[in-house]
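Biologist: Could you go through this model with me? I should like to start with how it was treated and then turn to particular side chains.

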Amino acid sequence: METIPIPGPPGLPLLGNIGDIDTKNIVGSVVSLAEKYGEIYRINVGGVNRVIISTQALMDEICDEKRFTKVVGGGIKALRYAVNDGLFTAYMDEHNWQVAHRTLMPAFGPLSTAGMFDEMHDIASQLVAKWARFGPDERIDVGADFTRLTLDTIALCSMDKRFNSFYREDMHPFVETMVSVLEESQTRGSLPTVLNMFRRSAQRKYDEEIAWMRGICEEMIAHRRKNPLEKKDLLNAMIHGKDPKTGCYMTDESIVDNILTFLVAGHETTSGLLSFVFYLLIKNPAIMNLAREEVDKVLGTGPITPQHMNQFPYLEAILKETLRLYPTAPAIAMAPVPETTEYPIFLAGGKYQLNKGDNLLALLVKIQKDPLAFGDDAEEWKPERMLEENFAKLPPNSWKPFGNGARGCIGRPFAMQEAILATVILIQNFEFSLDDPSYELQITHALSIKPKGFYMRASLREKLDATGIEKKIHGNGLACEKTGKLAINHTVVSNGTEKHPLTIIYGSNSGTCEALAQSLARVAGTRGFEVRVDPLDSATDDVPKSQPLIIICPSYEGQPPDNAAQFFGWLEKLKDGKSLQNVEFTVFGVGNRDWTSTFHKVPMNLDRLLAANGGTRIAALGLGDVAKGDIFNDFDYWQDNVLWPAIQGSGSSTKNVVAELDLEIDTSARSQTLRQDLQGAVVLSNKILTALGVPEKRHIEIQLPKGMNYTAGEYLAILPTNSQTNVRRVLKRFGLPADAMITIRNVNAGSTLPATHPVSVTDLLSSYVELNQPATKRNIQVLASLPTTPSTRTALLALTTNTTTKNTPPPSLLTLLETHPTLPIPFQTYISLLPPLRTRQYSISSSPLATPDVVSITFSILPSGVASTYLATLEPDDIMHIAVKPTILFTLPEHMGKTPIIMIGAGAGIAPFLGFLQERAALLNRNSELSLAPAWLFLGCRAPEQDALFADELRAYEDAGVVRVYYAYSQEEGKSRGCRYVQDRVWAERGEIGGLIRGEGKILVCGGQELGEGVKGVVRRIYGEGRRGDGKADGIGEEDVERWFDGLKGKGRWAMDVFD
């Protein structure tokens, strides 16, 4: 074929084609040039020759990884200034990329991603709750809210970091900084180096923003190293993971690079995808109806669970078709493989010539609309073309939104699971419409593309309020029986024969095939086999013979996994046809149907090459597809119907074969040992109520166990666990490993320690003893009696005579032992000095008239508080141990129609009053003719925008006539009649409530000791002032006021709940 010149626009000396590229619309510029010059054209920008291709045929050619590889250029190259050689920006031969890629592949495998469902659901539920609360009249900034969703999801799933973006009005500063860095990277990448040198103010801003983001990441790493967390997330994988090939660990700098990479790439592209999806669904109501039918068919009205995730083929097709038309990463930069390429090289069978220095840019926004690949309707959005059977028929490499080959997106399973989950949960619960019916799609872009100026509205499909919808998406939870015991007894099926050897070898990057191998090994052990499990490479030139050999292996874009490459290469070189005689093998292959051209390529070649070189196939090749989300069922089916019948006869089956297990789960042992009558309850939600920078307050909703009831104003007793930070302090002080086992033998009958059976030291310290309790004088005297120096003994004994206050309590035993590290105290002595872990009581902040089976508490996080620290860590679906405790005086009046109430509190002291107001509102809702006596609520907080808890709900109660609310803002007194503290506001409003205080009103006070004393003083003053002013008691004195106040308490008209 005759070679023709590659066309392109003429350029300027030195500047090249910079005038042809709009730096604010780079994608639009290169697309316009493609429409003008055709399937391939050449430009020069910033001194770099770029050849842009826009057809599937050329894309298929450059996806050959033996000829072409990813190149880092343009905005991606500029981004290296921020993230160096992270997974997204590294050059192919960089050591840090290779180590990180191999180390992190398992963390993004299908099993690991499936394990992130709960965290993903947590964040998606926050989005649902926000839209439900805002209601159908709220204008939703779609891109902003999906950015909140995806940023919080990747941060929580990968690093256990909560940005809490849905609890703030503006975007998190990290997002704003990240967007700025992306935009600047794109601009820098589109300009010649010489021009960037003169952009000094932009450079300074760029440097400062990058330094700030990297500082945040360094803090995450330092916090995790200081506070280890037993969680299989990306941060732990980066800190502790070891490259299986080189044995190297990731450096701290590389960890920072990749944290930033995950946060940038992990949120930016998925938020764009979801934004495009919902625009297209709204504009295509017929497709929206089909999607909703699928969701309703699978879920009904129930919550989504991990088992549902592979049951939405049409929704998956919607996502794929959206990525076809609007690939959020709109182009892929490629170049000839530098080590093996001789120039010139040619494309399209010699039609086009590439010269040395030419870089290729595959323009996905054009390639994925190629009519030759997708038909004449390629510009239309038709999800049906992406259904499984149609997707498999697409021309090779026509759909590449996740990149190509070894440099393809490592987070693809994560992104697809996150997008499916979010789309399902939103479609299930809302109807959507455009905020502006005339809006037509506009696109903005930095390193990815997103809809611009897209706003919509969301209205709930069912007649539920925001609280009801939250209960729905979380489900009804687990009802724990009071015994807390569940016995599981499995029958072991074994043929009873002498054990025979069997070897399982596997290849695995993501961990899926390794998990299948281990699962099979457990089953094989029950069937009379002595099993050995090894990576495939271990069998290179040493394949087991004269025994069953089971090979489990995936295919990664047609290439074997890292721990199978050596074996595969060795096997390909065998040519004599008899090297593997007496090898009795079978192969199970794992693949992903989305890579249609290389689906199962490696396992099929393994099966073929083993047989071609003399091996005997003992069972037919098995194949599984991870894209279906059901790989373990595929594998079990192959075992049951192919593998074991072939090895052990036609009557063999594994359907009832399980590993030996006789297990009893006891969820009540701890509370029984501690002599506490508690039951297990399920956490439904745990929300931060306050703004950043002020003491944190939270609100937890809990599903009550069956048979447990409560009344507004009562207390919820909770049994906490000690923080892992304090547990590690004890372990460090005594030099104990976290997995040490302890058996306590000589305990008395009333002991609250677990006795006579081994218990881990971590469980003992976490769950049975008080670690933060201030040391008693007796404790200190025991320490002083130990062999020690005179100065240490003197310092200890001085503590027994010191006067302590609320603000300076005595130190804990643990603190004393850390202060005096040479004290020779045995661990058993330390444990015997500690009191048993006790329950903590919190005022209930709900009413059974509103939520009979759900109870809530509202509380402050105390820096050293055992219970509040524990409560802050709880997540939806966690189990906590609770009991309802009665109250005598702190209740609503018996005659609510006659007795007015005055409620006074500060901060989390609002808790019981929320329940009282719920109850009053519920009574009014049930009977609109009901007349309730008036109610006043006085609240103290810092400022309206910081910690005015439940402000919206209280306004609604005021509008409904349930209560009148008065605030005292300690930091913005001008907004509360000049009143700094809540007792000041009570005094300021004495003209309205003074008669009730002196008359028949009931006064309820909840807060700290200082608040209680302050309110007492004000109430006395109001009474005294009124009595002296009525002309009847001019001579009233303090004794008279005190007698009146005592009578107030005696009549049940004064109740105070102090939580200091």
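Modeller: What follows covers the charged pairs, the aromatic rings and a few single residues.
Modeller: This is a predicted model, in which local features need pLDDT of at least 70 and side-chain atom pairs count only at pLDDT 80 or more, while totals for chains, interfaces and linings use all residues. Residues are numbered from 1 along each chain as its sequence is written, and side-chain values use heavy atoms, with hydrogens and water left out.

Biologist: How many salt bridges are found in the whole structure?
Modeller: The search finds 41. A salt bridge here is a side-chain nitrogen of Lys or Arg within 4 Å of a carboxyl oxygen of Asp or Glu.

Biologist: Which residue forms a salt bridge with Glu321?
Modeller: Arg385 does, with the closest N and O atoms 2.9 Å apart. Glu321 lies in helix H14 (residues 313-325) and Arg385 in the loop between helix H16 (371-374) and H17, so the pair ties together parts that are 64 residues apart in sequence. Helices are DSSP runs of H or I with at least four residues, strands are runs of E with at least two, and both are numbered from the N terminus.

Biologist: Are Glu321 and Arg385 buried or exposed?
Modeller: Both are buried. Buried means under 20% relative accessible area, exposed over 50%, and partly exposed in between, with a 1.4 Å probe and protein chains only.

Biologist: Which residues are linked with them in a network of salt bridges?
Modeller: The network links Glu321, Arg324, Asp377, Glu380, Lys382 and Arg385. Arg324 also lies over the face of Phe374, at 4.8 Å from the ring centre. The rule for a charge over a ring is that NZ of Lys or CZ of Arg is within 6 Å of the ring centre and within 35 degrees of the ring normal.

Biologist: And where do Arg955 and Asp952 lie?
Modeller: Both are in helix H34 (residues 951-959), 3 residues apart, about one turn of the helix. Their side chains meet in a salt bridge of 2.3 Å, N to O. Arg955 is partly exposed at 46% relative accessibility, and Asp952 is exposed at 54%.

Biologist: What about Arg188: which side chain of opposite charge is nearest?
Modeller: That is Glu184, 4.0 Å away, yet Arg188 is buried and has no salt bridge. For charge, Lys and Arg count as positive and Asp and Glu as negative, whereas His and the chain ends are not counted. Arg188 is in helix H8 (residues 173-190). Beyond residues up to four places away in sequence, Arg188 touches several others, including Tyr81 and Tyr206; contact means heavy atoms within 4.5 Å.

Biologist: Why is the pair of Tyr81 and Tyr206 called stacked?
Modeller: Rings of Phe, Tyr and Trp (its six-membered ring) pair if their centres lie within 6.5 Å; planes under 30 degrees apart count as stacked, over 60 as edge-to-face and the rest as tilted. By this rule there are 35 aromatic pairs. The ring centres of Tyr81 and Tyr206 are 5.5 Å apart and their planes are at 15°, so the pair is stacked. Tyr81 lies in helix H3 (residues 74-83) and Tyr206 in helix H10 (residues 200-226), so the pair ties together parts 125 residues apart in sequence.

Biologist: Lastly, what does UniProt place at Cys409?
Modeller: The unreviewed UniProt entry places the feature "binding site" there. UniProt positions are given in the numbering used here, feature names are shortened, and annotations may be inferred rather than shown by experiment. Cys409 lies in the loop between helix H17 (388-392) and helix H18 (412-429), and is partly exposed, with a relative accessible area of 41%.
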